[in-house]
Amino acid sequence: MAATLAGNSSFTRSLRELSTLTCLVILVYNAPIVESCRADEHERIVRALADKDGEKAAEIMLEHLDHIEHSLDLGTASEDADLEAIFASVA
C-alpha cells in the first residue's frame with residue numbers, strides 16, 4: 001500500500017480504513033469503478049509519496065476523492081443494502 005511509503009503506521013491504518021470504506025461506497029452506490037478509481041491517480045499519489053512531497057500527494061488524493069464522489073449514483077441506493085450480495089461480488 002502506498003501509505004507505507006510515508007512510514008507512519010497511524011496514517012497507514014487510517015488510509016487502509018478509508019480505502020475499504022470507499023470501496024464499499026462505490027459498490028453500494030453503483031459507481032463505475034473504471035471512472036471512479038483511476039489508476040493514473042494512484043500512480044501519481046505513490047510517486048508524490050516516494051518523492052516525499054506530502055502537499056502534492058494530498059492535492060492528488062483530494063482530486064481522486066472528488067472523482068469518486070462525482071461518479072456515485074446517489075439516487076439508486078436503498079435503505080436496505082444487501083451487504084451479502086455486495087461482498088459476494090467482490091470475492
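**Helix α1 and the nonpolar core**

In this predicted model, the face of α1 turned away from its buried side carries exposed residues, namely Ser 9, Thr 20 and Leu 21.

Me: Which residues of α1 are buried?
Reply: A residue counts as buried when its relative accessible area is under 20%. In α1, the residues that are buried are Thr 12, Leu 15, Thr 22 and Ile 26.

Me: What arc around the axis do the buried residues of α1 cover?
Reply: An α-helix has 3.6 residues a turn, so residues three or four places apart point the same way. Thr 12, Leu 15, Thr 22 and Ile 26 are the buried residues of α1. They lie on the same side of α1, because the arc they cover is only 90 degrees.

Me: How many Å apart are the end C-alpha atoms of helix α1?
Reply: Helix α1 comprises 20 residues, from 9 to 28. At 1.5 Å a residue it should span 28 Å. The model agrees with this, since the end C-alpha atoms are apart by 29 Å.

Me: Which element gives the most to the largest nonpolar core?
Reply: The largest nonpolar core has five residues: Ile 45, Ala 48, Leu 49, Ala 57 and Ile 60. Two or more of these residues come from each of α3 (39–50) and α4 (54–71). With three residues, the element that gives the most to this core is α3.

Me: What is the order of the elements along the protein chain?
Reply: The protein chain has five helices and zero strands. Read from the N terminus on, its elements therefore run α-α-α-α-α.

Note on methods
Residues numbered from 1 in each chain as written. Predicted model: local features only at pLDDT ≥ 70, side-chain atom pairs only at ≥ 80, totals over all residues. Heavy atoms only, no water. Helix = DSSP H or I, 4+ residues; strand = E, 2+ residues; numbered from the N terminus. Core = buried A, V, L, I, M, F, W, Y, C linked by side-chain atoms within 4.5 Å. Buried < 20%, exposed > 50% of the residue type's maximum accessible area, 1.4 Å probe, protein only. Expected span 1.5 Å × (residues − 1). Arc of directions from axis to C-beta.
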